[in-house]
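Please open the model in your viewer and keep the sequence panel beside it. The tour moves from the whole chain to single elements and then to single residues.

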Amino acid sequence: MTAAALPLHSSEDVSAPARRTRAERQEIVLDTAERLFSARSSRSVGMDELVRETGLGKMTVYRLFKSKDDLVGAYLSRKAATVLSYVDAELIRLQGDPRAALLSVVDAVERDVTRTGFRGCPFTNVSSEYDDPQHPARSAAADYKYELHMRLLDLAGELVPTGAEDLAAQVHLIIDGMYLSGGLLGPDGPASHGRQLAEKLIDTAIRDAAAR
């Protein structure tokens, strides 16, 4: 779910400043960060390079994002909002069928890890570059993981109210494992078994709940 890069490399910020809103300038910076961070790493991309790639002026970029840390956090926060919006749309589409909704999240992960150019979970990749637990990247990644887990927990609760915590945690671990394995061993490695494992876990939990 990577935002498409905008046309870049304009020479000056003065090309048409009045025709760009603040939100549009933010999107240019974040799209550029997405492209550069995804291709390499956030730590390896300096602000001078990033500013140059946006085609915006340095002061313009720093008015939008006070520091590199703020920009990295905003990049992950935007990505989280995109992913969670997709998940929420799937949950609405599959409302009333929590089993299918849970599996649709795993299916989305499978599509992500098998796409061309996949290099691992961006939340894990980027947040692991920073040691400070209060760093904006770490905070944004943790917030995303929490929000995703809450959605998994709600769905698990609809299926097996007394075993929701266990089922949600297991599905979440499968998702994290698919991202890690897919990034290191490719789509044909253990990540290719994630969906099948999730289905077995869900169906076992449903059977166990019915037998109680």
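What follows is a series of selections, each with a short account of what is there.

**The whole chain.** Begin with everything selected, bearing in mind that this is a predicted model. The protein has nine helices and zero strands, so that the order of its elements from the N terminus reads α-α-α-α-α-α-α-α-α. Along the principal axes, its C-alpha atoms fill a box of roughly 70 × 35 × 30 Å. Of the 212 residues in the protein, 45% are buried, and the protein exposes about 11200 Å², of which carbon and sulfur atoms supply 54%. If you display contacts between residues at least 6 apart in sequence, 69% of them join residues at least 24 apart.

**Colour by confidence.** The mean pLDDT of the protein is 90, with 92% of its residues at 70 or more. Now select residues 1–17, where pLDDT stays under 50 and where the model nevertheless has 31 contacts beyond four places in sequence.

**Helix α2.** Select residues 47–54, which form helix α2, a mostly covered element in which six of the eight residues are buried. Which residues of α2 are the buried ones? They are M47, E49, L50, V51, E53 and T54, and they pack against α1 (22–39), α3 (58–64) and α4 (68–93). Step on to G55, which follows α2 and has a positive phi, near 80°.

**Helices α4 and α5.** Next, show α4 together with helix α5, residues 98–113. Two packed helices are described by the angle between their axes and by the distance between those axes. Here α4 and α5 pack at an angle of about 140°, their axes being 9 Å apart, and the crossing is right-handed. To see the contact itself, display side chains for Y86, V87, E90 and L91 in α4, which meet A101, S104, V105, A108 and R111 in α5. The residues of this contact divide into six nonpolar, one polar and two charged.

**L91.** Stay in α4 and centre the view on L91. Because its relative accessible area is 18%, L91 counts as buried, the cut-off being under 20%. Leaving aside neighbours within four places in sequence, L91 is in contact with A101, R151 and L155. One of these partners, R151, is worth a distance label: L91 and R151 are 60 residues apart in sequence, with 8.9 Å between their C-alpha atoms.

**The loop between α6 and α7.** Move now to the loop between α6 (122–127) and α7 (136–159), where Q134 has its place and where E129 also lies. Is E129 buried or exposed? E129 is buried, because its relative accessible area is 17%. Not counting residues up to four places away in sequence, E129 touches S41, S42 and R43. For a sense of scale, draw a line from E129 to Y62, which is 67 residues away along the chain, and the C-alpha atoms will be separated by 22 Å.

Finish with Q134, which counts as exposed because its relative accessibility is 62%, the cut-off for exposed being over 50%. A last distance label can run from Q134 to G120, 14 residues apart in sequence and 23 Å apart in space, C-alpha to C-alpha.

Definitions and conventions. Residues are numbered from 1 along each chain as its sequence is written. Side-chain values use heavy atoms; hydrogens and water are left out. Buried means under 20% relative accessible area, exposed over 50%, partly exposed in between (1.4 Å probe, protein chains only). Helices (H or I, at least four residues) and strands (E, at least two) are DSSP runs, numbered from the N terminus. Contact means heavy atoms within 4.5 Å. Axes are lines fitted to C-alpha atoms, for helices over the stretch in contact, and angles run from 0 to 180 degrees between N-to-C directions. A crossing is left-handed if the near helix is turned anticlockwise from the far one by less than a right angle, and right-handed if clockwise. Ala, Val, Leu, Ile, Met, Phe, Trp, Tyr, Cys and Pro count as nonpolar, Asp, Glu, Lys and Arg as charged, and the others, Gly among them, as polar. pLDDT is the predictor's confidence in each residue, from 0 to 100. Accessible areas come from the Shrake-Rupley method with a 1.4 Å probe; for residues, only the protein chains shown count as cover.
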